[in-house]
Amino acid sequence: MDFTSKASIPDDFATAIKEEILSTIIQTRESSLNSQFPPYLSKAQAAKYLGISTQTLTEWMLNSNLHLPYKKIGKTYRFSRLELDRFMTSTGGDH
């Protein structure tokens with residue numbers, strides 16, 4: 001005997017379920033990022049956030065063609081997480 005069967009639901013319900021699942025995934029990811037990374041990052045945090053070494057981050061900072069967003073306050077560098085996200089999504093991050 002075969003006990004498997006497929007349930008059919010209307011397309012609008014399926015779409016609503018998919019959207020809710022996606023929204024939950026995004027909220028969970030944002031919550032995780034917020035607990036791991038503050039809104040403004042140090043150089044080491046920014047490198048970790050981007051998944052690169054601090055040496056690569058320094059090279060990107062020195063490359064004026066990249067326009068990597070950061071602020072230098074005295075001897076301290078700060079990177080906005082939001083601006084880093086924008087940087088990485090603009091033209092794929094490869095300027």
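Which residue follows H2, and what is the sign of its phi? Gly 51 follows H2, and its phi is positive, near 75 degrees. The legends below describe close-up views of a predicted model.

**Figure 1. The protein chain combines helices and strands.** The chain holds 4 helices and 3 strands. From the N terminus on, these elements run α-β-α-α-β-β-α. The chain has 95 residues, and buried residues make up 19% of them. Among contacts with a separation of 6 or more, 42% are between residues 24 or more positions apart.

**Figure 2. Three strands form an open sheet.** The strand order is S1-S3-S2, and the pairing is antiparallel. Strand S1 (40-41) and strand S2 (71-73) are the edge strands. Each has a single partner strand, so one side of each is left without a neighbour in the sheet. S1 pairs with strand S3 (residues 76-80) over 2 bridges. S2 pairs with S3 over 3 bridges. Both pairings run in the antiparallel sense.

**Figure 3. Tyr 40 and Leu 41 have partners in S3.** Tyr 40 has Ser 80 as its bridge partner. Leu 41 stands opposite Phe 79. Ser 80 is found in strand S3. With a relative accessible area of 17%, Ser 80 is buried. Leaving aside residues up to four places away in sequence, Ser 80 touches Pro 39 and Tyr 40. Tyr 40 is thus named twice for Ser 80, as its bridge partner and as a residue that it touches.

**Figure 4. S2 and S3 form a hairpin.** There are 2 residues between the strands. In this hairpin, Gly 74 takes a positive phi near 65 degrees. Across the two strands, Lys 71 stands opposite Arg 78 in S3. S2 and S3 are joined here by 3 bridges in the antiparallel sense.

**Figure 5. The largest nonpolar core has 13 residues.** Leu 41, Ala 46, Tyr 49, Leu 57, Leu 68, Phe 79 and Leu 84 touch the most other members. The elements that give two or more residues to this core are helix H2 (43-50), helix H3 (54-62) and helix H4 (81-89). H2 gives the largest share, 4 residues. Two of the residues that touch the most other members, Leu 41 and Phe 79, stand opposite each other in the sheet, Phe 79 being in S3.

**Figure 6. H2 has buried residues on one face.** Ala 46, Ala 47, Tyr 49 and Leu 50 are buried in H2. Down the helix axis, these buried residues fall within an arc of 160 degrees, so they line one face of H2. Ala 46 and Tyr 49 are also among the core residues that touch the most other members. Gly 51, with its positive phi near 75 degrees, comes after the helix.

**Figure 7. H4 has buried residues on the same side.** Arg 81, Leu 84 and Phe 87 are buried in H4. They cover an arc of only 115 degrees around the axis, which puts them on the same side of the helix. Leu 84 is also one of the core residues that touch the most other members.

**Figure 8. Tyr 70, Tyr 77 and Phe 79 form one aromatic cluster.** The whole structure contains 4 aromatic pairs. In the pair of Tyr 70 and Phe 79, the ring centres are 5.8 Å apart. Their planes are at 40 degrees, so the pair is tilted. The two residues are also described by their accessibility. Tyr 70 is partly exposed at 33% relative accessibility, whereas Phe 79 is buried with a relative accessible area of 0%. Lys 43 lies over the face of Tyr 77, at 5.3 Å from the ring centre.

**Figure 9. His 67 has a positive phi.** This residue lies in the loop between H3 and S2. The phi of His 67 is about 60 degrees, although the residue is not a glycine. Most residues other than glycine have a negative phi. At 62% relative accessibility, His 67 counts as exposed.

Definitions and conventions:
Residues are numbered from 1 along each chain as its sequence is written. This is a predicted model: local features need pLDDT of at least 70, side-chain atom pairs count only at pLDDT 80 or more; totals for chains, interfaces and linings use all residues. Side-chain values use heavy atoms; hydrogens and water are left out. A nonpolar core is a set of buried Ala, Val, Leu, Ile, Met, Phe, Trp, Tyr and Cys residues joined through side-chain atoms within 4.5 Å. Buried means under 20% relative accessible area, exposed over 50%, partly exposed in between (1.4 Å probe, protein chains only). The arc is that of the directions from the helix axis to the C-beta atoms. Rings of Phe, Tyr and Trp (its six-membered ring) pair if their centres lie within 6.5 Å; planes under 30 degrees apart count as stacked, over 60 as edge-to-face and the rest as tilted. A charge sits over a ring if NZ of Lys or CZ of Arg is within 6 Å of the ring centre and within 35 degrees of the ring normal. Two strands pair if DSSP finds at least two bridges between them. Contact means heavy atoms within 4.5 Å.
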